[in-house]
Amino acid sequence: MEVFINGVDHNIFEKENVGKLLMKFSIPAIVSLLVAELYNMVDTVFVGRVIGGNAIGALVVVFPIQRIIVAISMMIAIGSSTAIARNNGKKDNESIKAVIKNALSLIFLTMIPMTILIFIFRDNVLNMLGTSKQILPYAHDYLSIIIFGSIFQCLTISIGYIMMSLGDRKTALKSTITGAVTNTIVDYFLVVKLSYGVKGAAFATIFSQFISFIYAYLHFRDIKKEYKLKFGFEIKGYILISIITVGFSAFIVEAEDGILLAVLNNLLLNHVGDIGVIILGVISKLSMFMFITMLGISSAMQPIAAYNLGAKNYRKLKEVVKKTVIFALMTSAILWIIGLLFAEQLISVFVKEREIIVEAAKAFRIMIAVFPMISIYYVSIYYFQALGKARTSFIVSIFRQIIILLPVSILLIKILDLGSIGAWVSYPISDFTASVTSIILMKIESEKLDVNIEKSKSKKIKEKDYKVNEHKSKKIQDDLIQ
């Protein structure tokens, strides 16, 4: 049965060729993530060039808080959209309806209390994140405003992923683009023309997040109508547990960036000074842009894989994973070469000081030394999410930055006293280790899929033989009657 909402065929995962599906869903996902990253990137460019290094330092310090907010949003978005995609494969509309209602309730349950608490204790939080006296005033102003856009950001991300899991790949992209364009325009007027500094950048961001949410919600109303959704606070324990456990690895992927930056901020501030924090801020922003491609491809694979798992189409599921790995490796290799060749030019977009540009370029080249390999690592995280293997996905998601990178960076910076070079070297060490580990885990899972494919093939052969024998038996009976 064909199901069309907003002109979108919600059975597209079943009909379409795997390569075309990946292209159709990964390109909007990449662009959507790219544009989403522009929110913080645009703020960084404007305040960095208009105000200077201390303003960039303020955004770096606040970044872990923003990352936690995005992490919670992604946890709810991935957890709910995976469940919806599987139920879509099973044609279970009642379960889809229940997941959507619980996901939206969870957003309000988490975001409102968190916004209030962070605003009340904002200076305490900023001091914990390693804010120097020079940077604190800028960070205080920026956080005091930007925190109030959290709920709109979370709602927009979750609605976009829910609609993507039902085959609509455009709403998430268009809502994000709408917000990013609004952010850039308002940023320019408030920061450059009206000289409102970091406060202007913060106001521009929350206004654009609200506009983005309005766009997403207007399109989401068709889903609401189709599934006869009546909004109200609904909490069912087993659904929330499913959303949180499956989405928790996505939370870790996003949150660990914030946790890592918070730790590195403190280490660099104590052992290198403000210059180390500023360089970290610039190269981390640049590297995140490079990561967007592999994250977009991996997240596009996730609903396709989850649907085919729900439909028990194991052969197509295996094909999806194989083509995703190849696609991710190819695109990350291209970005890697560009990053190595044009590091100075890319960094000069953020800062004007020649000293920072030169040092940041050296650090960036070290940081991305084995970059293409890490694409397989991110594919594995989303793959295990799609399979509903929450424990494996969680272990893989914390392995790179929490288990490997953090201890290695502390060892190199603090114990071996290597300074900033210790921070940059810790990245390729963790990237290589995590990638090799994920390859091994995916190979094990691939062998399990082969078993399921053989079982499925055997079952089809038996069913075919049964039908043939049944037909022969009926023919013999008919001959005897005649």
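**Exercise 1. Ser-81 and its surroundings**

Task: Leaving aside neighbours within four places in sequence, which residues are in contact with Ser-81? Then place Ser-81 in its helix and decide whether Ser-81 is buried or exposed.

Solution.
- Step 1. Beyond four places in sequence, Ser-81 contacts Tyr-161, Ile-162, Ser-165 and Gln-302. The model is a predicted one.
- Step 2. Ser-81 belongs to helix α3, which covers residues 53-90.
- Step 3. Buried means under 20% relative accessible area. Ser-81 has 2% relative accessibility, so Ser-81 is buried.
- Step 4. Look at the side chain. One of the polar atoms in the Ser-81 side chain lies 2.7 Å from the backbone oxygen of Ala-77.

**Exercise 2. A serine in α11**

Task: Find the helix that holds Ser-298. Is Ser-298 buried or exposed? What does Ser-298 touch, not counting residues up to four places away in sequence?

Solution.
- Step 1. Ser-298 sits in helix α11.
- Step 2. Its relative accessibility is 0%, so Ser-298 counts as buried.
- Step 3. With residues up to four places away set aside, Ser-298 touches Tyr-378, Val-379 and Tyr-382.

**Exercise 3. The nonpolar cores**

Task: How many residues are in the largest nonpolar core, and which have the most contacts inside it? Which helix gives the most to this core?

Solution.
- Step 1. The largest nonpolar core has 90 residues. Ile-283, Ile-347, Tyr-378 and Tyr-383 have the most contacts within that core.
- Step 2. Helix α11, residues 274-310, gives the most to this core: 19 residues.
- Step 3. Take Ile-283. Apart from neighbours within four places in sequence, Ile-283 contacts Ile-347, Ala-360, Ala-363, Phe-364, Met-367 and Trp-424.
- Step 4. A second core is separate and has 62 residues. Ala-55, Leu-59, Ala-71 and Leu-106 are among them.
- Step 5. Add the background. In soluble globular proteins, nonpolar side chains tend to be buried together.

**Exercise 4. Two helices that pack**

Task: At what angle do α7 and α9 pack, and how far apart are their axes? Which classes of residue make up the contact?

Solution.
- Step 1. Helix α7 spans residues 150-165 and packs against α9 at about 35°. The axes are 9 Å apart.
- Step 2. The crossing of α7 and α9 is left-handed.
- Step 3. Pick out some partners. The α7 side includes Phe-152, Leu-155, Ile-159 and Met-163. The α9 side includes Phe-210, Phe-213, Tyr-217 and Phe-220.
- Step 4. By class, this contact has eleven nonpolar, six polar and no charged residues.

**Exercise 5. Three loop residues**

Task: Where are Glu-234, Ser-195 and Asp-417? Which of them are buried, and which exposed?

Solution.
- Step 1. Glu-234 is in the loop between α9 and α10 (237-271). Its relative accessible area is 18%, so Glu-234 is buried.
- Step 2. Glu-234 and Ala-98 are 136 residues apart along the chain, but 8.5 Å separates their C-alpha atoms. Beyond four places in sequence, the contacts of Glu-234 are Ala-98, Lys-101, Asn-102 and Ser-105.
- Step 3. The side chains of Glu-234 and Lys-101 form a polar contact of 3.2 Å.
- Step 4. Ser-195 lies in the loop between α8 (171-193) and α9 (197-226). Exposed means over 50%. Ser-195 has 58% relative accessibility, so Ser-195 is exposed.
- Step 5. Asp-417 lies in the loop between α16 (390-415) and α17 (420-481). At 57% relative accessibility, Asp-417 is exposed.
- Step 6. Check phi. Ser-195 is not a glycine, yet its phi is positive, about 55°. Asp-417, also a residue other than glycine, has a positive phi near 55°.

Definitions and conventions: Residues numbered from 1 in each chain as written. Predicted model: local features only at pLDDT ≥ 70, side-chain atom pairs only at ≥ 80, totals over all residues. Heavy atoms only, no water. Helix = DSSP H or I, 4+ residues; strand = E, 2+ residues; numbered from the N terminus. Buried < 20%, exposed > 50% of the residue type's maximum accessible area, 1.4 Å probe, protein only. Contact = heavy atoms within 4.5 Å. Polar contact = N/O pair within 3.5 Å; in protein donor to acceptor, adjacent residues only side chain to side chain. Axes fitted to C-alpha atoms, helices over the stretch in contact; angles between N-to-C directions. Left-handed = near helix turned anticlockwise from the far one by under 90°. Nonpolar A, V, L, I, M, F, W, Y, C, P; charged D, E, K, R; others polar. Core = buried A, V, L, I, M, F, W, Y, C linked by side-chain atoms within 4.5 Å.
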